[in-house]
Structures are given as C-alpha cells and as structure tokens.
Amino acid sequence: MVPAPLPLDDQSWLLVLTGAGVSAESGVPTFRGIDGLWRNFPVEQVASPEGFDADPAQVWEFYSERRARAQDVLPNPGHAALAAVEVRLGERFLLVTQNVDGLHRRAGSSRLVELHGNLFTSRCSKCARPPFPDTTVYPAGSVPSCDVCGARLRPHIVWFGEMLDERSLATIQAFLERAQGSPLFFLAAGTSGAVYPAAGLVDVARRGGAKSWLVNAEPADNAHHFDTVVRGKSGELLPLLLGV
Ligand code: BV8
Ligand code: ZN
C-alpha cells in the first residue's frame with residue numbers, strides 16, 4: 001500500500017532521525033540485522049573505550065574494514081529524498097543521523113548532525129589536537145599514532161558508554177526551540193530504536209508537540225512511541241512520504 005505523504009506545508013518543521021537501515025540499500029551492512037556488523041565483532045570489543053584499550057588493533061581492523069566498504073558505496077534514493085526535502089524546507093529541517101558512513105553528506109545533506117561521529121575522521125586518544133579527516137584503511141594489526149604526541153589515534157566515533165558531543169545535543173535543542181508554535185513533524189527511518197539517547201529523540205520531539213512517523217523494514221524496539229509506523233524499505237518509502 002502506498003503511504004500518504006507527510007502533510008508538510010510552508011509552516012511545517014521536520015526533524016528526521018536515521019539509522020543503519022537507511023544505508024542498507026546502498027550495501028552498507030546494518031548492526032543488528034542478519035548481515036549485522038556486530039556478527040563478527042561483539043559490540044563491547046569494537047565499539048567501546050574498554051575494547052579499544054584492550055585491543056586497539058582489533059578495533060582499527062573493524063573500522064578500517066568499514067572505511068574500505070563505505071568508500072565503494074553510493075547514496076540511495078532514501079538519502080536523496082532527505083537532501084531534497086532539506087532544500088524545500090531550509091531552516092525548518094534538521095537531519096540527525098546515527099550513521100557514521102558519510103552517505104547523507106555525499107547525497108547533499110548539510111543541515112546534518114552526525115550523532116555518533118564519522119567513520120572518515122580520526123582523533124588523538126590523548127592530546128587536544130582537533131579531530132581530522134582520515135580515509136586511511138590501516139593494514140590489519142597496525143595502530144596509527146599521533147604525529148603530535150605519539151599516542152594512539154582513534155576513530156572520531158561515539159562508542160558505547162561515551163557521552164554524545166554536547167554541540168550535537170545543543171543543535172537539536174535549538175532546532176526544537178525555534179520550531180515551537182509551528183506544526184512539528186518527527187520522522188525516524190531505518191533504526192531499530194535500540195540505542196539511547198538517539199532512540200529517545202521521538203519522545204523529546206513529541207513533548208515538543210510533534211506528530212511522529214517511523215519507517216522501518218522490521219518492528220523497532222520503540223515503535224510504540226510513534227503515531228504512524230510504515231513498514232518497508234526507506235529507499236522506496238522516503239521519496240513517497242516526503243513527496244520528492
Ligand atoms: C550514552 C558508533 C551516557 C559505533 C554507536 C540501558 C538502557 C538505556 C541505555 C543504556 C543502557 N545501557 C547502556 C546504555 C547506554 C548505551 C545504549 O543505548 N546501549 C543500548 C545497546 C542499550 N548508549 C550509549 O552508551 C551512548 N552514550 O548513553 O552516554 C552514558 C555514559 C555512560 C554510561 C551510560 C550512559 C552512546 C551510544 C552510541 C554508540 N555508538 N555507533 C559504530 O557505529 O561503529 S551505536 C550503533 O548503533 C550505530 O551508530 C547504529 O547506528 C546504532 C543504532 O543502530 P541502528 O542504526 O538502529 O541500526 P540497527 O542495525 O540496530 O537497525 C537497523 C534497522 O533498520 C533495523 O530495525 C532493520 O529492520 C531496519 N532496516 C534494514 N534495512 C532497511 C531497514 N529499514 C528501512 N529500509 C531498509 N532498507
Ligand atoms: Zn596526540
């Protein structure tokens with residue numbers, strides 16, 4: 001069944017949250033699906049500070065493998081639809097992504113918050129050197145070191161047990177404050193709703209008066225928090241729901 005588009009008009013504000021499912025049709029494996037990334041590497045070992053301290057080479061192997069894969073893939077119509085609706089809504093639009101694959105930016109999205117960091121950015125695990133672009137696929141077993149202080153480099157990614165960047169949360173808060181008094185829509189796509197605080201964003205938006213939609217291939221952990229749930233592929237559904 002073809003879903004009705006979101007009733008967006010020239011007063012509407014739209015906050016979108018995406019997860020790994022939005023990149024699945026580009027060929028990027030999701031985390032918890034059958035081809036899940038975590039299958040080979042238990043999440044605590046490869047996406048946590050403890051795991052990095054215990055075996056930095058294994059963590060760099062995990063992220064280098066994802067860098068190699070993500071370089072070969074292309075944005076899909078779901079990414080393109082989100083970039084198009086940003087052009088239409090301008091400052092009344094904000095895209096928050098849990099994805100670190102960089103595909104939203106490659107599709108043209110710029111009003112974008114990368115909540116969990118970015119695969120193609122590294123930083124020093126020790127000194128205050130700012131995070132820097134890094135597309136290097138490091139050879140298995142190697143751990144790159146900072147050329148300023150010599151400490152280990154790490155991916156600029158938010159690991160489990162780590163706080164999100166304050167600026168990300170402030171950007172979302174400021175957007176919701178500016179939207180007050182106008183019709184607000186919240187759309188989540190391709191996310192299992194398992195990871196917080198991202199999975200709690202729907203509740204924050206609803207407290208701001210939002211009508212909420214979820215687009216997902218399977219039931220999500222927090223599906224009951226949404227007014228409307230549309231089952232299916234985001235690459236097919238987002239262009240329809242966003243009318244682009
Ligand atoms: C924090 C970087 C404060 C890594 C990631 C108990 C209760 C509540 C919270 C916690 C708790 N215990 C611990 C916590 C906190 C923890 C958390 O939420 N844990 C969960 C697992 C219970 N959160 C944190 O640690 C966060 N920090 O809370 O700080 C704090 C500090 C100290 C102690 C406590 C709290 C930090 C979380 C960030 C972790 N980093 N990513 C990396 O990417 O390498 S999370 C990781 O999972 C990815 O970012 C990923 O995006 C994210 C969420 O997964 P999804 O994107 O949803 O992907 P998933 O595969 O799960 O689902 C895809 C969905 O798409 C599926 O449903 C599938 O059906 C669907 N799909 C597939 N194909 C399609 C599709 N849909 C549409 N179309 C398709 N074609
Ligand atoms: Zn350093």
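**Exercise 1. Accessibility of two zinc-binding cysteines**

Determine for Cys149 and then for Cys124 of this predicted model whether each is buried, partly exposed or exposed.

*Solution.* Step 1: the relative accessible area of Cys149 is 37%. Buried requires under 20% and exposed requires over 50%, so Cys149 is classed as partly exposed. Step 2: for Cys124 the relative accessibility is 5%. This value falls under the 20% limit, and Cys124 therefore counts as buried.

**Exercise 2. Coordination of the zinc ion**

Identify the protein donors of the zinc ion (ligand 2), their spacing along the chain and the geometry that they form.

*Solution.* Step 1: the SG atoms of Cys124, Cys127, Cys146 and Cys149 act as the protein donors, at 2.2 to 2.4 Å from the zinc ion. Step 2: along the chain these donors follow the pattern C-x2-C-x18-C-x2-C. Cys124 and Cys149 link distant parts of the chain, being 25 residues apart. Cys124 belongs to strand 4 (residues 117–124), whereas Cys149 sits in the loop between strand 5 (132–133) and strand 6 (153–157). Step 3: the angles subtended by the four donor atoms run from 97 to 118°. Four donors count as tetrahedral if all angles lie between 85 and 135 degrees; the arrangement around the zinc ion is therefore tetrahedral. For reference, the ideal angle for four tetrahedral donors is 109.5 degrees.

**Exercise 3. The surroundings of ligand 1**

Describe the residues around ligand 1, the polar atom pairs formed with Ala20, Glu25 and Arg66, and the extent to which the protein covers the ligand.

*Solution.* Step 1: there are 32 residues around ligand 1, of which Arg32, Arg66, Gly161, Ser192 and Glu218 come nearest. By class, the shell comprises 13 nonpolar, 13 polar and six charged residues. Helix 1 (21–24) and helix 4 (56–71) each contribute at least two residues to the shell. Step 2: a polar side-chain atom of Arg66 is 2.5 Å from an oxygen atom of ligand 1. A backbone N or O atom of Ala20 is 2.8 Å from an oxygen atom of the ligand, while a polar side-chain atom of Glu25 is 2.8 Å from a nitrogen atom of the ligand. Step 3: on its own, ligand 1 has 1500 Å² of accessible area, and the protein covers 75% of this.

**Exercise 4. The environment of His79**

Locate His79, classify its accessibility and name the side chain with which its side chain makes a polar contact.

*Solution.* Step 1: His79 is part of helix 5 (residues 77–89). Step 2: its relative accessible area is 0%, so His79 is buried. Step 3: the side chain of His79 makes a polar contact, at 3.4 Å, with the side chain of Ser23.

Note on methods: Residues are numbered from 1 along each chain as its sequence is written. Chains are lettered from A and ligands numbered from 1 in the order in which they are written. This is a predicted model: local features need pLDDT of at least 70, side-chain atom pairs count only at pLDDT 80 or more; totals for chains, interfaces and linings use all residues. Side-chain values use heavy atoms; hydrogens and water are left out. Donors are N, O and S atoms within 2.8 Å of the metal (3.2 Å for Na, K and Ca); water is not among the atoms, so sites may look incomplete. Four donors count as tetrahedral if all angles lie between 85 and 135 degrees; four count as square planar and six as octahedral if opposite donors are over 155 degrees apart and all others between 65 and 115; anything else is irregular. Helices (H or I, at least four residues) and strands (E, at least two) are DSSP runs, numbered from the N terminus. Buried means under 20% relative accessible area, exposed over 50%, partly exposed in between (1.4 Å probe, protein chains only). A residue is near a molecule or strand if one of its heavy atoms lies within 4 Å of it. A polar contact is a pair of N or O atoms within 3.5 Å; within protein, one must be able to donate a hydrogen and the other to accept it, and residues adjacent in sequence count only if both atoms are side-chain atoms. Accessible areas come from the Shrake-Rupley method with a 1.4 Å probe; for residues, only the protein chains shown count as cover. Ala, Val, Leu, Ile, Met, Phe, Trp, Tyr, Cys and Pro count as nonpolar, Asp, Glu, Lys and Arg as charged, and the others, Gly among them, as polar.
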